[in-house]
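User: I am new to this structure. Please show it to me, and then I will ask about its aromatic rings and its surface.

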Amino acid sequence: MKKRPGIVNIVRDFLLGSSNKEFLVFLFFLLLSGAFWLFNALSDTYEAEVEVPVRMVKVPRNVVITADPADTLRVTVRDDGFSLLPYLFGRRLGTLTIDFSVYANKDTETGYMPLADIQKQLGLRMMNTTKLTSVKPAGLGFTFNYGLSKSVPVRIAGKVVPARSYYLSAVKFFPERITIYASKRLLDSITYIPTEALNITNFSDTVSRPVNLKKIHGVKCVPSKVSMMLFPDILTEESFVVPIKAVNMPQGKVLRTFPSHVKVYFVVGAKLFRSVKPEQFSVTVDYNDLMAHPSDKCTLTVAASPHNVGNVRLDNAQVDYLIEQQ
């Protein structure tokens with residue numbers, strides 16, 4: 001309590017000092033000139049862009065909006081600075097409402113609120129001195145249906161590349177299927193819904209993340225976001241010894257190759273190798289090719305291989321042969 005008079009005296013001495021008096025006078029006139037400048041500035045005419053939220057009302061319970069109108073309008077208004085302040089900071093224009101019962105066309109299952117009606121609704125909320133110079137978008141359209149839907153699977157879209165020596169062994173979505181609402185024409189043409197374009201590269205561990213589904217005009221997806229898991233697997237090179245078979249042999253002739261078997265190399269995911277069998281590979285020699293291009297050696301061809309292997313190659317692409325007459 002004894003310290004307060006000391007503080008008061010210090011403040012008083014500071015304010016009443018000769019040099020400080022000059023500073024206070026300077027500060028007073030500075031504030032006064034700033035106030036005059038601000039007053040003159042706000043008296044001029046300006047344009048300002050204001051965001052107006054959009055909301056649809058009076059939508060029946062049996063109606064599904066399949067393409068929503070824009071959720072925000074960008075409105076440009078012109079007035080003096082004082083009059084623009086309520087638009088910029090007071091939300092004077094409020095929320096624009098679209099009355100479904102007024103603008104919905106039940107025959108085409110579409111709706112549209114024209115620019116004239118938007119301007120009329122906003123004009124009722126503006127001051128008399130304010131001019132509306134532009135509205136973007138210049139109209140609010142939407143589509144709807146009465147619950148017509150179907151279930152479709154989700155598919156991955158975009159660039160998904162694992163790290164070097166890895167491949168993408170599996171992709172899982174949760175849920176795997178979603179419900180889409182649209183017109184009959186659109187429902188008939190859609191067999192799946194892709195994700196938004198992804199760009200996931202250089203990963204070697206399982207990736208788990210939520211992803212948005214691609215937006216298609218006139219189609220509502222429920223849900224609009226799914227969980228995705230990517231499962232990479234390391235690639236390994238393996239091999240099998242496979243018999244060589246002759247094809248297109250004429251009756252009474254037999255083709256013998258030396259050796260009769262060849263080693264087939266291939267690249268496969270480590271987890272998938274157990275499911276790959278030698279019988280799934282087929283290495284052949286075409287008699288017609290031998291006759292068309294006679295040679296001391298015959299050329300081998302990999303005629304069949306499992307779909308889940310890659311980079312299939314032969315240990316020896318040409319072997320000796322002999323054609324015998326039976």
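User: How many aromatic pairs does the count come to?

Analyst: This is a predicted model, where local features need pLDDT of at least 70, side-chain atom pairs count only at pLDDT 80 or more, and totals for chains, interfaces and linings use all residues. Residues are numbered from 1 along each chain as its sequence is written, and side-chain values use heavy atoms, with hydrogens and water left out. Rings of Phe, Tyr and Trp (its six-membered ring) pair if their centres lie within 6.5 Å; planes under 30 degrees apart are stacked, over 60 edge-to-face, the rest tilted. By this rule, the aromatic pairs number nine.

User: Which kind of pair do Phe100 and Phe144 form?

Analyst: Their ring centres are 4.9 Å apart. The planes meet at 70°, so the pair is edge-to-face.

User: How far apart in sequence are the parts that this pair ties together?

Analyst: Helices (H or I, at least four residues) and strands (E, at least two) are DSSP runs, numbered from the N terminus. Phe100 lies in helix α4 (residues 100–103) and Phe144 in strand β8 (residues 139–145). The pair therefore ties together parts separated by 44 residues.

User: Is Phe100 buried or exposed?

Analyst: Buried means under 20% relative accessible area, exposed over 50%, and partly exposed in between (1.4 Å probe, protein chains only). Phe100 has 3%, so Phe100 is buried.

User: Which ring does the charged end of Arg313 sit over?

Analyst: A charge sits over a ring if NZ of Lys or CZ of Arg is within 6 Å of the ring centre and within 35 degrees of the ring normal. For Arg313 the distance to the centre is 4.6 Å, and the ring belongs to Tyr265.
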